[in-house]
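Okay, can everyone see the screen? Let me put the model up and then I'll walk you through it.

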Amino acid sequence: KCYEILVVKQEEYLMGGLAAVQLICMDAEWFFQFVIGGGLHLLMSVLQYTAPESSATLLLILGALKCACQHAFACETLLGWWPAKTLPTEKHSISAGYCSVLKLMMQTKRQNVAQLASMVLRHLHGYQHASEFQVL
C-alpha cells in the first residue's frame with residue numbers, strides 16, 4: 001500500500017514538472033537557464049525511460065519539446081550542437097535527442113503521440129536546414 005502511494009506521488013510530481021517545463025518554455029530567459037542547467041538532457045532521459053503505454057506522459061514530454069523548439073538554443077541542444085564541443089564542420093550530425101524522438105515515433109501505436117513526435121522532428125530538421133544556409 002505504501003509503495004502504491006509513493007508511485008502515485010512520483011507520477012503526480014512528474015506531471016506537474018512537465019507542465020512547469022511548458023510554462024518555463026514561454027520565457028526565453030528562464031528557459032535558457034533551464035537548458036544551461038541540463039533540463040533538456042533530463043527531459044530526454046525521462047523520454048527514454050517512459051513506458052510506451054503512458055501516452056499522457058509522452059504527450060506532455062513531446063509538448064514540452066515542441067514548445068522548446070521555439071528557441072534556437074534548444075534546437076541546437078536537441079541536435080547535439082550546443083554547447084559547442086565540435087568543430088563547425090562536424091555540426092550536422094545526428095544527436096541522441098533527435099534519435100530518441102525518432103525511435104519513439106516509430107515504436108508508438110498511438111497516432112497522437114506519433115504526430116506530435118513528427119512535428120518535433122520536422123521542426124528540428126527545418127532548423128538544421130536553415131542553419132546550413134546560414135553557414136554558407
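Let's start with His71, and keep in mind that this is a predicted model. His71 is buried, because its relative accessible area is 11% and the cut-off for buried is under 20%. You'll find His71 in the loop between H4 and H5. And what is His71 in contact with, leaving aside its neighbours within four places in sequence? That would be Cys25, Ala28 and Phe31.

Hold on to Phe31, since we meet that residue again in the core. The largest nonpolar core has 33 residues, and Phe31 is among those with the most contacts inside it, together with Leu40, Leu65 and Val101. Who supplies this core? At least two residues come from each of these: H1 (2-24), H2 (28-36), H3 (39-49), H4 (55-68), H5 (72-78), H6 (96-107) and H7 (111-135). H4 gives the most, with seven residues.

Zoom in on Leu40 for a second. Not counting residues up to four places away in sequence, Leu40 touches Phe31, Phe34, Val35, Leu65, Ala68, Ala74, Thr77 and Leu78. So there are Phe31 and Leu65 again, two of the residues I just listed for the core.

Let me step back to the whole chain. The secondary structure comes to seven helices and zero strands, so if you read the elements from the N terminus on, you get α-α-α-α-α-α-α by the DSSP assignment of helices and strands. There are 136 residues in the chain, and 35% of them count as buried. As for contacts, take those between residues at least 6 apart in sequence: 64% of them join residues at least 24 apart.

Now, helix packing. Two packed helices are described by the angle between their axes and the distance between the axes. I've picked two pairs, and H3 is in both.

First up, H3 with H4. Their axes are 10 Å apart and the packing angle is about 150°. Parallel or antiparallel, then, for H3 and H4? Roughly antiparallel, because angles over 145 degrees get that label. H3 passes H4 in a left-handed crossing. On the H3 side you have Leu40, Leu43, Met44, Val46 and Leu47, and these meet Leu58, Ile61, Ala64, Leu65 and Ala68 in H4. By class, that contact has ten nonpolar residues, no polar ones and no charged ones.

Next, H3 with H6. Here the axes come within 10 Å and cross at roughly 30°. That makes H3 roughly parallel to H6, because the label applies to angles under 35 degrees. The crossing of H3 and H6 is left-handed. Met44, Leu47 and Gln48 of H3 make the contact with Gly97, Ser100, Val101 and Leu104 of H6. And which classes show up where H3 meets H6? Four nonpolar residues, three polar and no charged.

One last residue before I stop: Gly17, which lies in helix H1. Is Gly17 buried or partly exposed? Partly exposed, at 33% relative accessibility. Have a look at Gly17 and Ile61 together: they are 44 residues apart along the chain, and their C-alpha atoms are separated by 9.9 Å. Ile61, you'll remember, is one of the H4 residues in the contact with H3.

That's what I had. Over to you for questions.

Conventions. Residues numbered from 1 in each chain as written. Predicted model: local features only at pLDDT ≥ 70, side-chain atom pairs only at ≥ 80, totals over all residues. Heavy atoms only, no water. Core = buried A, V, L, I, M, F, W, Y, C linked by side-chain atoms within 4.5 Å. Buried < 20%, exposed > 50% of the residue type's maximum accessible area, 1.4 Å probe, protein only. Helix = DSSP H or I, 4+ residues; strand = E, 2+ residues; numbered from the N terminus. Contact = heavy atoms within 4.5 Å. Axes fitted to C-alpha atoms, helices over the stretch in contact; angles between N-to-C directions. Parallel < 35°, antiparallel > 145°, perpendicular 65-115°, else oblique. Left-handed = near helix turned anticlockwise from the far one by under 90°. Nonpolar A, V, L, I, M, F, W, Y, C, P; charged D, E, K, R; others polar.
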